[in-house]
Amino acid sequence: MVYDAIVLGAGGAGLMAAATAGQAGARILLLDHAEKAGKKILISGGGRCNFTNMRTDAACYLSQNPHFAKSALSRYTQWDFVALVERYGIAWHEKTLGQLFCDGSARQIVAMLLEECARGGVEIRLSTPIGEIRHADGAFHVGDAQAASLVIATGGPSIPKMGASGVAYEIAAQFGLNVIPPRPALVPLTLPPEDAAFREISGVSFQGQTRANGASFDEAVLFTHKGLSGPAILQASSYWHPGDTITLTVLPDAESKLLAAKRDMPRAQFKAALAVHLPQRLADLLAARLGLAGQLGNMPDAVLKAAAEALTNLSFRPSGNEGFAKAEVTAGGIDTDALSSKTMESRRVPGLFAIGEAVDVTGWLGGYNFQWAWSSAVAAGQAIAARR
């Protein structure tokens, strides 16, 4: 069974690469051990698939080489994918911050990609273990199939209950490609015992700013029974490393708000002033943490200014994160130095490609990782077709 390319992994990147190459005339075999294609797509965005982001830019991605993603993202943009979605009559909407979702179901995106593969004559084999991969006489051999090109599109180990694994890194190592140590990203953080009081207000959330290693995100923060979560924390977690601190601005413009409260409601307790802007349980905890009780009118401005500084720079040193089981994506992966940024092809093994989450390119929360899947896949698919 001879093909132009064998694509390993029927997730978003694998489906898109297979469809692109197939529609350009290449004969493609797509393999996946799962019984269903696009399993991560189906659960994404609460079942509505946050399929891209209108604000996609290379600056929204982490990588050892921050420039690597620029080529693929610029040649197949978020608007190109939106145009594909619209060609299939899939209704969509912007939720927040440029995040685009299906009005209906994520199943529409999977059906679209499968139809694109069908139009390209792609042969899809599901429930098929990859098994041994050999490279001989200029061809890659997988089971009974052989091809001049092989595409690693098996993702990373995030969400293992969906069948995710680190097989991409094993294949990369087999062919001498370096792997940046993978770690959970877009993942909740855990707090140590000394911050147990914040774990006790599980379920409380607020809108604030979260900062980690120079990155800053203005979105919701959620306290959990294990620590910190919510969009702002998930974003910052990709930049956080063990031992680092996470800094929160719990109350924006805290100084002006506290001084105004002292002027307008001098007989109110400090925690009451906080509760105007924050959930009561959080206001009570912060007042106790700062050791401020009593009426605002009796508090010197200097004390309120110091409190404002603390509320602007509330720091935690997380004890860890909730691991790959709760991580939305994987940071690290196949080293981009081993790949062409234009084609995603290995520089040392002609015909070997790596795309999507398998590669050391990790996007922000909000559709950025799907866009990387589409863009890197199109780059590889076009290159495979050009090799024929």
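How much accessible surface does the chain have, and what share of it belongs to carbon and sulfur atoms? The accessible surface comes to about 15,900 Å², and 51% of that belongs to carbon and sulfur atoms. Keep in mind that this is a predicted model.

**Figure 1. The whole chain, for orientation.** Along the principal axes, the C-alpha atoms fill a box of roughly 85 × 40 × 35 Å. The secondary structure adds up to 13 helices and 21 strands. Of the 388 residues in the chain, 55% are buried. Take the contacts between residues at least 6 apart in sequence: 73% of them join residues at least 24 apart.

**Figure 2. Strand S9 with its partners S8 and S10.** Here we zoom in on S9 (139–142). Both of its faces are covered, with Ala-139 and His-141 on one side, Phe-140 and Val-142 on the other, and all four buried. As a rule, side chains in a regular strand alternate between the two faces of the sheet. On one flank, S8 (residues 133–136) runs antiparallel to S9 and is joined to it by 4 bridges. S9 and S10 are antiparallel too, with 3 bridges between them. His-141 is a handy landmark: Arg-134 stands opposite His-141, and in S10 the bridge partner of His-141 is Gln-146.

**Figure 3. The two hairpin turns around S9.** S8 and S9 form a hairpin with 2 residues between them, and Asp-137 in that turn has a positive phi of about 55 degrees. The S9 and S10 hairpin also has 2 residues between its strands. Look for Gly-143 in this second turn, where phi is positive at about 60 degrees.

**Figure 4. A salt bridge from the S9–S10 loop.** The side chains of Asp-144 and Arg-125 meet in a salt bridge, at 3.0 Å from N to O. Asp-144 sits in the loop between S9 and S10 while Arg-125 belongs to strand S7 (residues 123–125), so the pair ties together parts that are 19 residues apart in sequence. The structure holds 12 salt bridges, and the next view shows others from that set.

**Figure 5. More charged pairs.** Side chains of opposite charge can pair when their charged atoms come close. Arg-263 forms a salt bridge with Asp-264, with 3.3 Å between the closest N and O atoms, and both residues are exposed. Arg-387 and Glu-345 also meet through their side chains, at 2.8 Å from N to O. Arg-387 is in helix H13 (residues 368–387) and Glu-345 is in the loop between strands S19 (329–334) and S20 (352–354), so this salt bridge ties together parts that are 42 residues apart in sequence. Arg-387 counts as partly exposed, at 39% relative accessibility, whereas Glu-345 is buried, with a relative accessible area of 14%. Elsewhere, Glu-115, Glu-116 and Arg-119 are joined into one network by salt bridges that share partners.

**Figure 6. A three-stranded open sheet with a helix across it.** What is the strand order in this sheet? The order is S3-S6-S5, with antiparallel pairing. S3 (50–53) and S5 (92–94) are the edge strands, each with a single partner, so one side of each is left without a neighbour in the sheet. From one strand to the next, the twist averages 30 degrees. S3 is joined to S6 (residues 99–102) by 3 bridges, and Asn-53 stands opposite Gln-99 in S6. Helix H4 (residues 78–87) lies across S3, S5 and S6, running at about 140 degrees to S3.

Key:
Residues are numbered from 1 along each chain as its sequence is written. This is a predicted model: local features need pLDDT of at least 70, side-chain atom pairs count only at pLDDT 80 or more; totals for chains, interfaces and linings use all residues. Side-chain values use heavy atoms; hydrogens and water are left out. A salt bridge is a side-chain nitrogen of Lys or Arg within 4 Å of a carboxyl oxygen of Asp or Glu. Buried means under 20% relative accessible area, exposed over 50%, partly exposed in between (1.4 Å probe, protein chains only). Two strands pair if DSSP finds at least two bridges between them. Axes are lines fitted to C-alpha atoms, for helices over the stretch in contact, and angles run from 0 to 180 degrees between N-to-C directions. Contact means heavy atoms within 4.5 Å. Accessible areas come from the Shrake-Rupley method with a 1.4 Å probe; for residues, only the protein chains shown count as cover.
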